[in-house]
Amino acid sequence: MKSKLKHVLVIDDEPAIRELLNLTLSRMGLDVTTVEDLAAARRALMTTEFSFCLTDMRLPDGNGLDLVREVAGHILFSGGKR
């Protein structure tokens with residue numbers, strides 16, 4: 001039986017950081033999606049299930065921790081289901 005590949009969402013407005021994290025996490029055997037801001041992160045979260053997320057705190061359109069709180073609240077209110 002094949003194990004499911006962990007999928008990571010990386011949110012950072014600096015292209016060099018996104019690239020570094022993508023390379024590092026990919027070499028660890030993880031599937032990686034990178035985005036540059038909260039709007040793109042929200043779009044990705046609507047269409048893809050992620051195992052975890054790495055986010056910059058200061059983004060052009062808000063605070064990365066706000067997105068973490070948003071996602072945590074959604075999971076709590078939906079009983080842990082998407």
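Two strands pair if DSSP finds at least two bridges between them. The exercises below apply this to a predicted model.

**Exercise 1. Overall layout**

Task: State how many helices and strands there are in the protein, and which pattern they follow along the sequence.

Solution:
- Step 1. Count the elements: the protein has three helices and five strands.
- Step 2. Read them along the sequence: the pattern is β-α-β-α-β-β-β-α.
- Step 3. Add the burial: 27% of the 82 residues of the protein count as buried.

**Exercise 2. The open sheet**

Task: Give the order of the three strands in the open sheet and say which strands are at its edges.

Solution:
- Step 1. The order of the three strands is 2-1-3, and their pairing is parallel.
- Step 2. Strand 2 (31-35) and strand 3 (52-55) are the edge strands, since each pairs on one side only.
- Step 3. From one strand to the next, the twist averages 20°.
- Step 4. Look at one pairing in detail: strand 1 (residues 7-11) and strand 2 run parallel and are joined by five bridges.
- Step 5. Name two of the partners: Val8 has Val32 as its bridge partner in strand 2, and Leu9 has Thr33.

**Exercise 3. The surroundings of strand 1**

Task: Decide whether strand 1 is largely enclosed or not enclosed by the rest of the structure.

Solution:
- Step 1. Recall the cut-off: a residue is buried if its relative accessible area is under 20%.
- Step 2. Sort the side chains by direction: His7, Leu9 and Ile11 point one way from strand 1, while Val8 and Val10 point the other way.
- Step 3. Check both groups: all of these residues are buried.
- Step 4. Conclude: five of the five residues of strand 1 are buried, so strand 1 is largely enclosed by the rest of the structure.

**Exercise 4. The length of helix 1**

Task: Compare the expected span of helix 1 (residues 15-27) with the distance between its end C-alpha atoms.

Solution:
- Step 1. The expected span is 1.5 Å times one less than the number of residues.
- Step 2. Helix 1 has 13 residues, so it should span 18 Å.
- Step 3. The end C-alpha atoms of helix 1 are 18 Å apart, which agrees with the expected span.
- Step 4. Look just past the helix: Gly29 takes a positive phi of about 85° there.

**Exercise 5. Salt bridges**

Task: Find the two salt bridges in the structure and say where their residues lie.

Solution:
- Step 1. Start from the principle: side chains of opposite charge can pair when their charged atoms come close.
- Step 2. Recall the cut-off: a side-chain nitrogen of Lys or Arg must be within 4 Å of a carboxyl oxygen of Asp or Glu.
- Step 3. Glu70 and Arg42 form a salt bridge, at 2.7 Å from N to O. Because Glu70 lies in helix 3 and Arg42 in helix 2 (residues 38-47), this pair ties together parts that are 28 residues apart in sequence.
- Step 4. Asp66 and Arg69 form a salt bridge, with 3.0 Å between the closest N and O atoms. Asp66 and Arg69 are three residues apart in helix 3, so about one helical turn separates them.
- Step 5. Check the accessibility. Glu70 is partly exposed at 39% relative accessible area, and Arg42 is partly exposed at 33%. Asp66 is partly exposed at 38%, whereas Arg69 is exposed at 53%.

**Exercise 6. A nonpolar surface patch**

Task: Name the residues that make the nonpolar surface patch of about 250 Å².

Solution:
- Step 1. The residues are Met57, Leu65 and Val68.
- Step 2. Place one of them: Leu65 lies in helix 3 (residues 64-77).
- Step 3. A patch residue needs over 30% relative accessible area. Leu65 has 34% and counts as partly exposed.

**Exercise 7. Two loop residues**

Task: Locate Asp61 and Thr48, and give for each a distance to a residue elsewhere in the sequence.

Solution:
- Step 1. Asp61 is in the loop between strand 4 (58-59) and strand 5 (62-63). Its relative accessibility is 37%, so Asp61 counts as partly exposed.
- Step 2. From Asp61 to Asp37 is 24 residues in sequence and 6.4 Å in space, C-alpha to C-alpha.
- Step 3. Thr48 is in the loop between helix 2 and strand 3. Thr48 is partly exposed, at 22% relative accessible area.
- Step 4. Thr48 and His7 are 41 residues apart along the chain, and their C-alpha atoms are separated by 8.9 Å.

How values were computed. Residues numbered from 1 in each chain as written. Predicted model: local features only at pLDDT ≥ 70, side-chain atom pairs only at ≥ 80, totals over all residues. Heavy atoms only, no water. Helix = DSSP H or I, 4+ residues; strand = E, 2+ residues; numbered from the N terminus. Patch = residues over 30% accessible without salt bridge, like charges linked within 9 Å, V, L, I, M, F, W, Y side chains within 5 Å. Areas by Shrake-Rupley, 256 points an atom, 1.4 Å probe, with all protein chains shown as cover. Buried < 20%, exposed > 50% of the residue type's maximum accessible area, 1.4 Å probe, protein only. Axes fitted to C-alpha atoms, helices over the stretch in contact; angles between N-to-C directions.
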